[in-house]
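This report examines a protein model through its helices, side-chain pairs and surface. The sequence and structure are shown first.

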Amino acid sequence: MTSSNQPFDKEKHIHTDFSNNMTYGEYLGLDQLLSSQTRLSGHHDEMLFIIIHQVSELWMKLIIHEMQAAIDLIQKGELQPAFKMLARVSKIQTQIIQAWDVLSTLTPAEYMEFREKLGQASGFQSYQYRQIEFMLGYKTSHILSIYQKDPELHGILEQAYLAPSIYDASIHALARAGFAIDPDLLTRDFSITYTGHPTVEAAWLDVYKNVDQYWDLYQLAEKLIDIEDWLQQWRFRHMKTVERIIGFKMGTGGSSGVTYLKKVLDHRFFPELWDLRTKL
């Protein structure tokens with residue numbers, strides 16, 4: 001009696017000879033990807049710590065990819081295709097938030113077994129997270145000094161630091177639609193964190209009071225709110241996970257840890273879009 005692989009036997013066209021063809025693993029570079037989890041301690045749970053952070057960095061790479069394309073489209077006045085990209089960013093953010101649930105299975109006692117191996121390395125130094133903050137408009141010049149060790153990386157971040165954020169691009173979209181935006185806002189120094197302006201608030205209020213007339217701008221505003229909402233939820237879960245694992249200890253990167261993470265929760269990227277909810 002011959003053995004059978006059942007469903008596999010019926011799939012006569014499945015490729016099995018890859019002598020001269022690219023495999024799934026080769027396409028994804030899995031040899032390099034899956035060999036990048038190098039534990040510096042012998043502790044079992046360090047693997048969890050490494051993978052969670054690597055996966056988050058991969059998701060952030062995709063966020064940057066989508067956000068940059070969306071900013072370019074908004075600057076060109078092509079809002080509809082930008083909405084798909086921004087919706088995707090929000091979905092990615094949910095995945096990063098859920099990663100904290102996995103990391104929170106790491107107990108304080110387990111983390112202490114390998115924490116010293118991190119030295120001064122810290123998520124505080126995530127250059128992709130800083131790039132996302134810059135793209136959203138939160139510009140902090142002192143952050144750039146962390147990356148002076150790598151001139152190429154420093155250049156990428158400096159470019160994002162000096163460039164218009166997605167909210168700057170959106171304010172320009174309001175001006176193109178005929179709203180009376182203060183001209184100084186359109187030529188301002190984009191390296192300075194935006195804090196709000198009465199002409200922008202008046203424009204967004206008009207958009208929300210006349211949704212049918214300004215449907216594209218209304219959709220843009222709601223997509224921005226989605227992204228900031230999810231980012232703040234990510235920040236909150238980050239803060240609570242850190243508090244759960246190390247309490248109020250100083251972070252490995254030298255920050256005040258939970259105290260710092262609580263402070264950044266107060267920052268708003270798109271202030272007028274939140275304020276108008278009270279004023280409508």
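The following paragraphs treat salt bridges, helices, aromatic pairs and a surface patch in turn.

**Salt bridges**

The model is a predicted one. The count of salt bridges comes to nine, three of which are set out in the table below.

| Pair | Closest N to O distance |
|---|---|
| Glu133 and Arg130 | 2.9 Å |
| Glu133 and Arg235 | 2.9 Å |
| Lys279 and Glu201 | 3.0 Å |

Glu133 and Arg130 both belong to helix α7, which covers residues 127–136, and they are three residues apart, about one turn of the helix. An α-helix has 3.6 residues a turn, so residues three or four places apart point the same way. Glu133 has a relative accessibility of 2% and therefore counts as buried, the cut-off being under 20%. Arg130, at 3% relative accessibility, counts as buried by that cut-off.

Glu133 also forms a salt bridge with Arg235. This pair links distant parts of the chain, with Glu133 in helix α7 and Arg235 in helix α12, 102 residues apart. Both Glu133 and Arg235 are buried.

Lys279 and Glu201 form a further salt bridge through their side chains. Because Lys279 lies in helix α14 (residues 271–279) and Glu201 in helix α11 (residues 198–209), the pair ties together parts that are 78 residues apart in sequence. Lys279 is partly exposed, with a relative accessible area of 47%, whereas Glu201 is buried at 18%. Salt bridges with shared partners join Arg130, Glu133 and Arg235 into one network.

**Helices α4 and α12**

Helix α4 runs over residues 46–75. At 1.5 Å a residue, its 30 residues should span 44 Å, and its end C-alpha atoms are 43 Å apart, so the two values agree. After α4 comes Gly77, which has a positive phi near 85°.

Leu220 lies in helix α12, which covers residues 215–246. With a relative accessible area of 0%, Leu220 is buried. When neighbours within four places in sequence are left aside, Leu220 is in contact with Ile74, Leu79, Phe83, Leu86 and Ser170. Leu220 and Lys12 are separated by 208 residues in sequence and by 49 Å in space, taken from C-alpha to C-alpha.

**Aromatic pairs**

The structure holds 14 aromatic pairs. Trp215 and Tyr218 form one that is tilted, with 5.5 Å from centre to centre and 35° between the planes. The pair counts as tilted because stacked planes are under 30 degrees apart and edge-to-face planes over 60. Trp215 and Tyr218 both lie in helix α12, three residues apart, about one turn of the helix. Trp215 is partly exposed, with a relative accessible area of 41%, and Tyr218 counts as partly exposed at 22%. Elsewhere in the list of ring pairs, Tyr138, Tyr167, Tyr194, Phe269 and Phe270 are linked into a cluster.

**A nonpolar surface patch**

Which residues form a nonpolar patch on the surface? They are Met22, Tyr24, Tyr27 and Leu28, which together have about 530 Å² of accessible area. Tyr27 lies in helix α2 (residues 24–28). Tyr27 is exposed because its relative accessible area of 62% is over the 50% cut-off.

Note on methods. Residues numbered from 1 in each chain as written. Predicted model: local features only at pLDDT ≥ 70, side-chain atom pairs only at ≥ 80, totals over all residues. Heavy atoms only, no water. Patch = residues over 30% accessible without salt bridge, like charges linked within 9 Å, V, L, I, M, F, W, Y side chains within 5 Å. Areas by Shrake-Rupley, 256 points an atom, 1.4 Å probe, with all protein chains shown as cover. Salt bridge = Lys/Arg side-chain N within 4 Å of Asp/Glu carboxyl O. Helix = DSSP H or I, 4+ residues; strand = E, 2+ residues; numbered from the N terminus. Buried < 20%, exposed > 50% of the residue type's maximum accessible area, 1.4 Å probe, protein only. Contact = heavy atoms within 4.5 Å. Expected span 1.5 Å × (residues − 1). Phe/Tyr/Trp six-rings, centres within 6.5 Å; stacked < 30°, edge-to-face > 60°.
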